[in-house]
Amino acid sequence: MNLTNTKKEIEMADVEAGSSDAILEPPKPSAEARQVHAQAKRIDAEKLNIYYGDFLAVRDVTVSIQPNKVTALIGSSGCGKSTFLRSLNRMHELIDGAHVEGKVLLDGTDIYAPSMDPVLVRQQIGMVFQQPNPFPTMSIYENTAAGLRLNRKKMKKVEMDTIVEKSLRGAHLWEEVKDRLNKPASGLSGGQQQRLCIARATAIEPEVLLMDEPCSALDPIATLAIEDLINELKKRFTIVIVTHNMQQAARASDYTGFFNIEKSGDPGVLIEIDDTEKIFSNPSLKETEDYVSGRFG
Amino acid sequence: MSGSAVSVPLGDNSGVLPRRATLIVFAASAIASALISLALGLSPFVWLLFTGLIGLAGITVWSLAVEGRRRALDRVMSVAIMEVFVLAMVPLLSLIYTVVSKGLARFDSEFLTSSMRGVLAEGGGALHAALGTFIITAVATVAAVPVGVLAAIYLVEYGKGRLKRSITFFVDVMMGIPSIVAGLFAFALFAIFFGPGIRLGVMGSVALAVLMIPIVIRSAEEMLRVVPNALREASYALGVPKWLTVLRVVLPTALAGIVTGVMLAVARVIGETAPLLITTGSTTSTNLNPFDGRMANLPVYVYQQYKFPGVPPEPYIERAWAGALLLIVIVMVLFLAARLIARRYGVEIRR
């Protein structure tokens, strides 16, 4: 506990010395305050090249992701959308030999700076995965509180209860599970499990929420529930969502980015990003138009 | 059938045998071979053999006549596999039957509550040996489980490159160590410090730990590997450091499997005789301190009673069988406990 705190302080000192707009400014505003002021952080990628070993998977992405907006990333399979998404919270480097070149700035601070602890980066930039993955050994309550409990945050039971309820309500799951919080999470349906995973990710109050095809394992009704949820979550978080479903991108996002590859084996490139409306009605590039109109892909 | 449908021959014969055809054939075959055996005065084993052969032949002929080649072949294969399974069970059942029937004579309260102290012929028991077995195995387990589980965690979660490959290789090598060699290793190790001729309970534990470690590593490795990567990623994405992820997500998920593996490893080494013979020695009285002097244990007890009977030999032989029965009972209980733990606390892992 002490150790992590000290580490965090050192980290902050580093960051503050390095740049004026530090990302880890203590103390965090309380949850209520944040809902009112509601200013999450922006992400800027600068000349980001993403590698698996020697293989360049995504080339030269420079993009600004706006705070408190939903940015959707579309493109055909294998074009690097998920890879790009995972490089935004340093999950990419968990794969053997995977690494990146370039910068990813969270409100101006490079998350790939040598002094940055990837663990602290991931506490600020949460993630929801394609397959719902609640911890099978834990109850619904424990799953929701997992981010706090696993990091051994000292916290009163009442405080923890409040956070769990708030997160589950935030994920539109509270009414369905409030009577069985101590039951295993594996008893929930797929859609409920995914909302539980969203509650779990939001319980640690990240700045940014990355979603990697969060609805591709769900039925249309569960998908609709998640999309409603995304629309509400953007009041509190910056959201980046990867999707294969173009209607979903059109329905749920404010901005849409299109990844493309020339041919198999080439790196993926973010060739166009703009207002969702423009991408789907009047994109500037022919490739984008072909893709969104269903002419290929 | 409408007029346009073309009839396609799907098989060489369209008949089907009644639902319990196999059962009927084998019941008839059992009765027939019972009559033959009784008439010729043959043993029950030969009767079983006849039942199997006649039944197989019967179902083949009947199915071939009614159902055709394809289904007959299917029946022949199913029945043959079933019979081979029964054949494989024969030694096990015969062993259990022999041990139980011969061991029950002395499997009484005196046997379970007294040692061999001052016993010259009849009476006496195996309490000292049972306690010795528990202590020696428990110490071995306490030594082997941390080493084994930590090694498995290293191999699955952290290891890479040459070190990982060489550890995997040496675990394989350790797997193949004959148990007597493990005993000699423990003997030689302690002889360095205490001189030759030393006999201690803990020496036996060291020998058994050497045998247990590779088994524990293998099973724990297997269990850690089936923990879905998605759970690790979920934990990392919550900003949980790797060591906490391993400790609080991966290990709890794999726990039931690891416990089962440990139980099976214990059951595997609890009956080891050779390494204990040269490391723990044997005594007639109860010794509860593994660091002080010889220590009796069940496998060596059984060996001693059977190999060096006094006069008359019967009580010794009976004690040997009762000791063997006790050992089998302990192993069975461990196996059942392992299954129970796996079933009750096992986490359903979706892939």
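Is A:Glu205 buried or exposed? A:Glu205 is buried, with a relative accessible area of 16%. Here, buried means under 20% relative accessible area, exposed means over 50%, and partly exposed is in between (1.4 Å probe, protein chains only).

A word on the ground rules. This is a predicted model, where local features need pLDDT of at least 70 and side-chain atom pairs count only at pLDDT 80 or more, while totals for chains, interfaces and linings use all residues. Residues are numbered from 1 along each chain as its sequence is written, chains are lettered from A and ligands numbered from 1 in the order in which they are written, and side-chain values use heavy atoms, with hydrogens and water left out.

**Chain A as a whole**

Let's step back to chain A. Its secondary structure comes to 13 helices and ten strands; these are DSSP runs numbered from the N terminus, with helices being H or I of at least four residues and strands being E of at least two. Chain A has 297 residues, and 54% of them count as buried. Take the contacts (heavy atoms within 4.5 Å) in chain A with a separation of 6 or more: 68% of them come from residues 24 or more positions apart.

**Some residues to look up**

Here are four residues of chain A with their burial.

| Residue | Where it sits | Relative accessible area |
|---|---|---|
| A:Asp107 | loop between strand E4 (98-106) and strand E5 (109-110) | 27%, partly exposed |
| A:Glu205 | loop between H9 and strand E7 (208-212) | 16%, buried |
| A:Arg195 | helix H9 | 10%, buried |
| A:Asn143 | helix H5 (residues 140-144) | 0%, buried |

Now for the backbone. Most residues other than glycine have a negative phi, and most peptide bonds are trans. A:Asp107 has a positive phi near 50 degrees and isn't a glycine. A:Glu205, also not a glycine, has a positive phi of about 50 degrees. Over in chain B, the peptide bond from B:Val311 to B:Pro312 is cis, with omega near -5 degrees. You'll find B:Pro312 in the loop between helix H12 (298-307) and helix H13 (314-345) of chain B.

What does A:Arg195 touch, not counting residues up to four places away in sequence? Its partners are A:Ala171, A:His172, A:Leu173, A:Glu176, A:Ala225, A:Ile226 and A:Leu229. With that same limit on sequence distance, A:Asn143 touches A:Pro134, A:Phe135, A:Met138, A:Ala185, A:Leu196 and A:Arg200.

**Where the two chains meet**

On to the interface: 28 residues of chain A are in contact with 21 residues of chain B. Together the chains bury about 2,000 Å², with 65% of that on carbon and sulfur atoms. Buried area is the accessible area (1.4 Å probe) that two parts lose on being put together, summed over both.

How many salt bridges cross the interface of chain A and chain B? There are two, a salt bridge being a side-chain nitrogen of Lys or Arg within 4 Å of a carboxyl oxygen of Asp or Glu. The side chains of A:Asp96 and B:Lys160 meet in a salt bridge, at 3.6 Å from N to O.

On the side of chain A that touches chain B, helix H4 (118-124), strand E6 (125-128), helix H6 (146-150) and helix H9 (190-203) each supply at least two residues. The largest share, four residues, comes from H6(A).
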